[in-house]
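This report looks at selected features of the backbone, the helix packing and the strand pairing in one protein model. Please keep the sequence and the structure open beside the text while reading.

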Amino acid sequence: MSYPFSSPAFESITVGYFPLSAQELLLRAIKFAAVLTRAKESPLEPGVDWYPYHTMAALRFLVPIFRVHFPELARAAASGPMLDIGCGDGDLALFLAALGCRVTAIDNPPTNYNLMKGVRALSGRLNLPVEIIEMNVDSQFTLHGGPYGFALMLGILYHLKNPFYVLETMARHVRYCAISTRVATETMAKTKIGEEPLAYLLDHREANDDGSNFWIFSPAGLRRLAKRTGWRVIGATLAGCTKRSNPVDPDRDARMFMFLESQRLSTPAEVTLLDGWTAVGEHNWAWTLKKFSLEARVQDQSRLARFSLGFITTREMVDAAPVNMRCTANGAPIEEQSFNKPGEQVFEALIPATIGDATTLRFEFTVTHRYKPGTDLRDLGVIVPFNGEILGISQKLPFWLG
């Protein structure tokens with residue numbers, strides 16, 4: 001599915017710093033699209049063509065999300081180098097490099113349109129520093145050189161046999177990610193799936209006569225996939241056929257664009273458990289008391305925006321009444337949250353602006369519920385698992401800063 005991207009006459013562009021707004025990002029992308037057009041005027045070599053679609057056009061659908069969430073995008077740019085996975089001819093990777101970002105462009109030559117000759121040629125013609133790596137991310141791949149601040153993965157998820165593995169691996173190495181992929185709200189038999197967390201497995205060459213197409217998710221399925229692989233959806237939008245889309249027909253092609261934040265890769269911090277924690281048991285979990293606290297010493301200079309704590313509520317805890325939790329961060333109150341279902345829960349909130357750029361944060365939690373275990377006389381709060389693998393945090397604790 002291609003999208004038209006019109007560019008004005010070529011003008012020299014300013015390079016070397018990241019835009020200060022989503023509108024500036026879009027304007028500089030338009031100028032850079034003109035640069036790419038000129039760079040591609042001469043052919044690669046006889047019999048080898050440039051990638052035929054306008055990769056830069058994807059920004060037209062991401063920019064509205066970035067307008068609302070530009071602080072997160074700016075934080076992504078400041079958090080480490082960037083990735084463009086499934087880079088095609090490297091248009092977006094080179095654009096990010098022109099903004100002063102360190103960028104690695106990744107693709108798989110056998111499935112790349114021109115065996116990655118396009119990205120290598122463009123990098124040379126524009127003289128922009130982009131690291132180019134040949135990698136099949138549909139295998140058991142490893143990302144080196146991270147942690148990464150931001151990754152693009154546009155238009156390749158439905159080409160992957162193992163999208164769960166790919167997104168889960170990325171969540172452990174990348175703080176923020178923008179993805180796009182084809183989605184469908186009904187099957188070819190017109191079964192409605194838009195609100196169900198499902199995926200449609202394409203037959204060989206069923207869509208676009210392309211044997212490399214595999215999974216078409218419903219919008220709800222894509223959101224569930226993001227959640228289960230360790231991402232929080234910051235923003236999302238649909239493009240193309242927004243009503244009655246299906247996995248196959250060209251005129252029923254819908255694309256979902258999502259801006260994601262990793263819940264597996266925290267801002268580096270040293271976390272110390274303070275009051276209100278019981279001993280971790282053999283099954284790697286512990287009860288808290290009704291009042292418990294922890295301290296985080298942040299090792300990242302960029303200002304923190306939010307935090308989250310994962311925990312578990314049992315059926316007995318929520319049967320009588322909701323479990324309520326409130327918190328203070330360095331004494332600043334955070335609004336109470338309620339949980340009325342058993343299972344995995346997340347207390348997530350913005351870090352109060354009054355804290356400023358403090359590098360030591362003390363979080364004090366208070367839990368209220370009516371559950372009274374029959375044999376345990378302690379004033380128990382909630383269950384916290386200790387089997388996470390959050391990079392930069394000393395405890396294997398589902399606590400995240402970003």
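In this predicted model, Asn330 lies in the loop between β14 and β15 (332–339). Its phi is near 50°, a positive value in a residue other than glycine, and at 39% relative accessibility Asn330 counts as partly exposed, because that class covers values from 20% to 50%. Most residues other than glycine have a negative phi, and most peptide bonds are trans. Asp209 also has a positive phi, about 55°, although it is not a glycine. The place of Asp209 is in the loop between β6 (199–201) and β7 (215–217), and with a relative accessible area of 54% Asp209 is exposed, since the cut-off for that class is over 50%. A further positive phi, near 55°, belongs to Asn127, the residue that follows helix α5. Turning from phi to omega, a cis peptide bond joins Gly146 and Pro147, with omega about 5°; Pro147 is found in the loop between β3 and β4 (148–154).

The strand β14 that precedes the loop of Asn330 spans residues 323–329 and pairs with β17 in the antiparallel sense over six bridges. Within β17, Val367 is the residue that stands opposite Met325. Strand β17 (residues 360–368) also pairs with strand β12 (residues 291–298), again in the antiparallel sense, over seven bridges, and here Ser293 has Glu364 of β17 as its bridge partner.

The helices offer a second set of contacts, in which α1 takes part twice. How do the axes of α1 and α2 cross, and within what distance do they come? The axes of helix α1 (residues 22–39) and helix α2 (residues 59–68) come within 9 Å and cross at roughly 160°, which makes α1 roughly antiparallel to α2, as angles over 145 degrees are classed in that way. The crossing of α1 past α2 is right-handed. On the α1 side the contact is made by Ala22, Gln23, Leu25, Leu26, Ala29 and Ile30, and on the α2 side by Leu59, Arg60, Val63, Phe66 and Arg67. These contact residues divide into eight nonpolar, one polar and two charged.

Helix α1 also packs against α4, at an angle of about 120° and with the axes 10 Å apart, and the two helices are therefore oblique to each other. This crossing, too, is right-handed. Leu25, Arg28, Ala29, Phe32 and Leu36 of α1 meet Asp91, Leu94, Phe95 and Ala98 of α4, and the residues of this contact divide into seven nonpolar, no polar and two charged. An α-helix has 3.6 residues a turn, so residues three or four places apart point the same way. The table sets out the two helix pairs side by side.

| Helix pair | Angle between axes | Distance between axes |
|---|---|---|
| α1 and α2 | roughly 160° | within 9 Å |
| α1 and α4 | about 120° | 10 Å |

Which residues of helix α5 are buried? In α5 (residues 117–126) they are Gly118, Val119, Ala121, Leu122, Ser123 and Leu126. These buried residues pack against α1, α4 (91–98), β2 (103–107) and β3 (130–134), so that the helices α1 and α4, which pack with each other at about 120°, are both among the partners of α5, a contact here being heavy atoms within 4.5 Å.

Conventions: Residues are numbered from 1 along each chain as its sequence is written. This is a predicted model: local features need pLDDT of at least 70, side-chain atom pairs count only at pLDDT 80 or more; totals for chains, interfaces and linings use all residues. Side-chain values use heavy atoms; hydrogens and water are left out. Axes are lines fitted to C-alpha atoms, for helices over the stretch in contact, and angles run from 0 to 180 degrees between N-to-C directions. Helices (H or I, at least four residues) and strands (E, at least two) are DSSP runs, numbered from the N terminus. Angles under 35 degrees count as roughly parallel, over 145 as roughly antiparallel, 65 to 115 as roughly perpendicular and the rest as oblique. A crossing is left-handed if the near helix is turned anticlockwise from the far one by less than a right angle, and right-handed if clockwise. Ala, Val, Leu, Ile, Met, Phe, Trp, Tyr, Cys and Pro count as nonpolar, Asp, Glu, Lys and Arg as charged, and the others, Gly among them, as polar. Buried means under 20% relative accessible area, exposed over 50%, partly exposed in between (1.4 Å probe, protein chains only). Two strands pair if DSSP finds at least two bridges between them.
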